[in-house]
Amino acid sequence: MPVARLPRERVAPGLRAAGLGGMKRESPLVREARGLYRLLRLARVTAGLYRTGRILGRFDVVHANDLDTLPSAWLLARASRARLVYDAHELYTEQEPDPPRLHRAVASALERALARRADAVLTVSEPIAEELRRRLRLRETPAAVLNAPEVEETEPPPRVDGPLRAIYQGAMGPGRPLEDLLVAAEHAPEVRFTLRVAGADPAALREAAAHLPNVEVAEPVPPDRLVEALRGHDVGLVINRPVTRNDELVFPNKLFEYLMAGLAVAVPRLPGMTPLVEGEGLGVTYEPGRPDELGRELAALARDPERLVRLREAARRRALERYNAESQRDALAKIWRVS
């Protein structure tokens, strides 16, 4: 299968919405400039993807990942008379609390118009599917197909004596203030924290955590090593705050990467994740926006090694049984109408 890659645009630091320090107050002018830049970038990406797709030839199915690729996918599907599948991983216009007004209006209208023209729409969870059906005014509820990793055959190593090891492995964002991890570490000095944050400045993060001897900052790893890089840890952390509807319903990839690696998880009590984690006994939950409570939950888990073992075993078992890419293939093939 031929693969064509387009260069990824680097966003100027002044146009990024969040980083270490969380959401910074910005003027309406700067906010709208960010929105205009994103619309121009979408136009350039659309032109580049469409041009590249036409060079590659004709298609039977065009699969669009999020709104960033939906306009070009719609154009390519029309040119090839192909089936158009829209894969909305999240609520695109709800990724920050106070988004640029112009960008939100244009993106919302564009997504609604093109999603309604798609032959199928899918997303990562049933709550997000219901939200998309309402927001995009779809005739049918989108299918739910998990973004889970492939089965990792190598079993997690047995736990060794020593402190409980917790890890945050993921990106930063407006609803994921990295300071929450530092506050949790302050309230759980007996727990060892590893922070592996894509998109953050490791030097700035190390400086912010310098007063915490139980915090280690690690370099990000390539996407194909995410599960492997979790080896040696006990608990995977999720820190989303419900600052947007997107964060309330979040069902992140990292959750399933943690499970595949045989880690218990610690997640905020949000409607997207709580039923899975509490219902299947895969970890602990805490009040959103209360990193001190996260620290106390981890400290309690460190004092209960038998419970930790049970949670880790359940996480690995369910990842192998259901929460993996292989278990989602039939659903995706049905959407693509591939026999």
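**The largest cavity and strand 5**

Modeller: In this predicted model, the largest cavity has a lining made up of Arg 38, Tyr 92, Thr 93, Gln 95, Glu 96, Pro 99, Pro 100, His 103 and Arg 104.

Biologist: Why is this space called a cavity rather than a pocket?

Modeller: A cavity is a set of points where a 1.4 Å probe fits but cannot get out, whereas a pocket is an open set. The count by this rule, for a volume of 30 Å³ or more, comes to one cavity, and the largest cavity holds about 50 Å³ of space.

Biologist: How do the residues of its lining divide into nonpolar, polar and charged?

Modeller: The lining of the largest cavity divides into three nonpolar, three polar and three charged residues. Tyr and Pro count as nonpolar, and Glu and Arg as charged.

Biologist: What makes strand 5 largely enclosed by the rest of the structure?

Modeller: Buried means under 20% relative accessible area, and five of the seven residues of strand 5, residues 165-171, are buried, so strand 5 is largely enclosed by the rest of the structure.

Biologist: How do you know that strand 5 pairs with strand 6, and in which sense?

Modeller: Pairing requires at least two bridges between the strands; strand 5 and strand 6, residues 192-198, have seven, in the parallel sense, and Gly 170 stands opposite Val 197 of strand 6. Between these strands the chain crosses through helix 5, residues 179-186, in a right-handed β-α-β crossover.

Biologist: Over how many bridges does strand 5 pair with strand 8?

Modeller: Strand 5 and strand 8, residues 235-237, pair in the parallel sense over two bridges, which meets the requirement of at least two; Ile 167 has Gly 236 in strand 8 as its bridge partner.

Key:
Residues are numbered from 1 along each chain as its sequence is written. This is a predicted model: local features need pLDDT of at least 70, side-chain atom pairs count only at pLDDT 80 or more; totals for chains, interfaces and linings use all residues. Side-chain values use heavy atoms; hydrogens and water are left out. On a 1 Å grid over the protein atoms alone, a cavity is a set of points where a 1.4 Å probe fits but cannot get out, and a pocket is an open set with protein on both sides within 12 Å along at least five of seven lines; lining residues have an atom within 4 Å of a point. Grid points are joined across faces, edges and corners, and a volume is the space filled by probe spheres set on the points. Buried means under 20% relative accessible area, exposed over 50%, partly exposed in between (1.4 Å probe, protein chains only). Helices (H or I, at least four residues) and strands (E, at least two) are DSSP runs, numbered from the N terminus. A crossover is right-handed if, with the strands pointing away from the viewer, the path from the first strand over the helix to the second runs clockwise.
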